[in-house]
Amino acid sequence: MSLVSKQLLDNQYVMNTFARKPVDFVRGQGMSLFDSDGKEYFDFLSGIGVLNLGHCNEGVVEAICEQVSKLAHVSNYFHVEHRGELAQQLVELYGYAGKVFFANSGAEANEGAIKLARKWGHEHKPEATTILTLGQSFHGRTLATVAATGQPDRAVPFAPVMPGFKHITLNDIDELEQTMGSDTVAILIEVIQGESGVWPAAYSYVERIDQLCAEHNVLLIVDEVQSGMYRTGRAFGFQHYDIQPDIITLAKGLGNGYPIGAVIARDEIADTFQPGDHGSTFGGGPVACAAALATVQQMRTMSIEGVSLAQHVESLGEYAREQLAGISGIESVRGEGLMIGFSLANSDALSASALADALLETGFIVNAIGQEHIRLLPPLVCRKSHIDALIGAIYAIIATE
Ligand code: PLP
């Protein structure tokens, strides 16, 4: 089907929730996407931080095909292949004795974490129902996660959203100390805020959160939907900090393109959920778990140019940030590993979306955020040559402005 036909059908029959670009991608492989004319693009967004092992990763494709041809679905009333093994691997990566609930998306994983924290609170700290979240955070688009998201404009059109969330300012330790108390059951944070432009939380701030949680009997929930699955050069973003989250949530890179989300909680908190408390028809199904298990196993064992995936991501991210910082016209380069953001010094002359559009034209996919920020979330199997190509393209566009 031609791009024009796809556009006509989408415009008439699909709700208008995304402003789509007029590009007709038909195939992906590793770092590359190909359009219907055979033009190659380097994908520096990988879905939105989803294809951490690259497009059409062989191991993941095989695992999905094999499982779907044997048994695509069986209800959560029964045991299925891959689920327990996947949970075991995730708990090992998490680093504490824990258990996993499987969902289908990031928002659904956060909903699960919110429900778990609330029920834990009713049993262990009955006066506390408030969940603190951070300004400019993003936790999803359901009514609870849109209320949790620290961008009130996103919730206003859908009022009344769920009560019980209080937003505090990222990195403001005084406000944190004044706010966290007897009415607080949990704090939900991203250690690096992705959706608003890649803003890492200060170490001292995150570590103070951890201390205050221990003092006030408050659960620390880390939303690793975007920063998890080796994106930042560690299995999970929280592992850059000296903290011990009680609950973490995952999705995006977990299934390398196959939808799956997860809530991982310490045993004593996870055991709050009893049969009937929470569930999902599709969550933890055999195909999703096969995809995620193949993803996680590769991530834990693969080597790229002689180093582990984590080391590769860390050093390539550092290299990319150095190169970006060397381009005049770019300022405030930030992030960890291959979760990278930067700002444009003169966004009146060249806005982020103008740069993203010009890059798309040249064959590079990046994400513009607002007027001045660009986010890069390439597949983690990205190489130095891809970074060099992107830097060259950015440099050429900025130089001609
Ligand atoms: N949490 C974070 C940190 C995210 O970046 C996102 C999506 O961008 C979500 C939650 C929501 O995930 P999903 O779109 O899979 O519901």
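Ala, Val, Leu, Ile, Met, Phe, Trp, Tyr, Cys and Pro count as nonpolar, Asp, Glu, Lys and Arg as charged, and the others, Gly among them, as polar. Keep that rule at hand for the exercises. The model is predicted.

**Exercise 1. Sort the lining of the largest cavity by residue class, and find which helix gives the most to it.**

Step 1. Start with the search for empty space. Rolling a probe the size of a water molecule over the atoms shows where empty space is left. The count comes to 1 cavity of 30 Å³ or more. The largest cavity holds about 40 Å³ of space.

Step 2. List the lining. The residues are Phe-44, Ala-320, Leu-324, Ile-340, Leu-376, Pro-378, Ile-387, Leu-390 and Ile-391.

Step 3. Place them. Helix H11 (309-325) and helix H13 (384-400) are the elements that give two or more residues to this lining. H13 gives the most, with 3 residues.

Step 4. Apply the class rule. The lining of the largest cavity has 9 nonpolar residues, no polar and no charged.

**Exercise 2. Describe the shell around the ligand, and say how much of the ligand the protein buries.**

Step 1. Name the neighbours. Ser-105, Gly-106, Ala-107, Asn-110, Phe-138, His-139, Gly-140, Glu-190, Asp-223, Val-225, Gln-226 and Lys-252 surround the ligand.

Step 2. Sort them by class. The shell divides into 3 nonpolar, 6 polar and 3 charged residues.

Step 3. Find the main contributor. Helix H5 (residues 106-124) gives the most to the shell, with 3 residues.

Step 4. Look for polar contacts, which need N or O atoms within 3.5 Å. An oxygen atom of the ligand lies 2.8 Å from a backbone N or O atom of Ala-107. A nitrogen atom of the ligand is 3.4 Å from a polar backbone atom of Phe-138. With Lys-252 the side chain takes part: one of its N or O atoms is 3.1 Å from an oxygen atom of the ligand.

Step 5. Check the cover. The ligand taken alone exposes 390 Å², and the protein buries 81% of that.

**Exercise 3. Explain why the salt bridge between Glu-195 and Arg-154 ties together parts of the chain.**

Step 1. Recall the principle. Side chains of opposite charge can pair when their charged atoms come close.

Step 2. Count the pairs. The whole structure has 16 salt bridges.

Step 3. Take one of them. The side chains of Glu-195 and Arg-154 meet at 2.7 Å, N to O.

Step 4. Locate both ends. Glu-195 sits in the loop between strand S8 (192-193) and strand S9 (199-200), and Arg-154 in the loop between helix H6 (143-148) and strand S6 (165-168), so the pair joins parts that are 41 residues apart in sequence.

**Exercise 4. Characterise the second largest pocket by volume and lining.**

Step 1. Give the volume. It is about 780 Å³ for the second largest pocket.

Step 2. Find the centre. The lining has 25 residues, and those nearest the centre are Asn-76, Val-100, Phe-101, His-278 and Gly-279.

Step 3. Assign elements. Strand S4 (98-103) and strand S12 (261-266) give two or more residues each. S4 has the largest share, 4 residues.

Step 4. Sort by class. This lining has 11 nonpolar, 11 polar and 3 charged residues.

**Exercise 5. Locate the cis peptide bond at Pro-160 and the positive phi of Ser-46.**

Step 1. Take the bond from Ala-159 to Pro-160. It is cis, with omega near 0 degrees. Pro-160 lies in the loop between H6 and S6.

Step 2. Turn to Ser-46. Its phi is positive, about 45 degrees, although Ser-46 is not a glycine. Ser-46 belongs to helix H2 (residues 46-49).

Conventions. Residues are numbered from 1 along each chain as its sequence is written. This is a predicted model: local features need pLDDT of at least 70, side-chain atom pairs count only at pLDDT 80 or more; totals for chains, interfaces and linings use all residues. Side-chain values use heavy atoms; hydrogens and water are left out. A residue is near a molecule or strand if one of its heavy atoms lies within 4 Å of it. A polar contact is a pair of N or O atoms within 3.5 Å; within protein, one must be able to donate a hydrogen and the other to accept it, and residues adjacent in sequence count only if both atoms are side-chain atoms. Accessible areas come from the Shrake-Rupley method with a 1.4 Å probe; for residues, only the protein chains shown count as cover. On a 1 Å grid over the protein atoms alone, a cavity is a set of points where a 1.4 Å probe fits but cannot get out, and a pocket is an open set with protein on both sides within 12 Å along at least five of seven lines; lining residues have an atom within 4 Å of a point. Grid points are joined across faces, edges and corners, and a volume is the space filled by probe spheres set on the points. A salt bridge is a side-chain nitrogen of Lys or Arg within 4 Å of a carboxyl oxygen of Asp or Glu.
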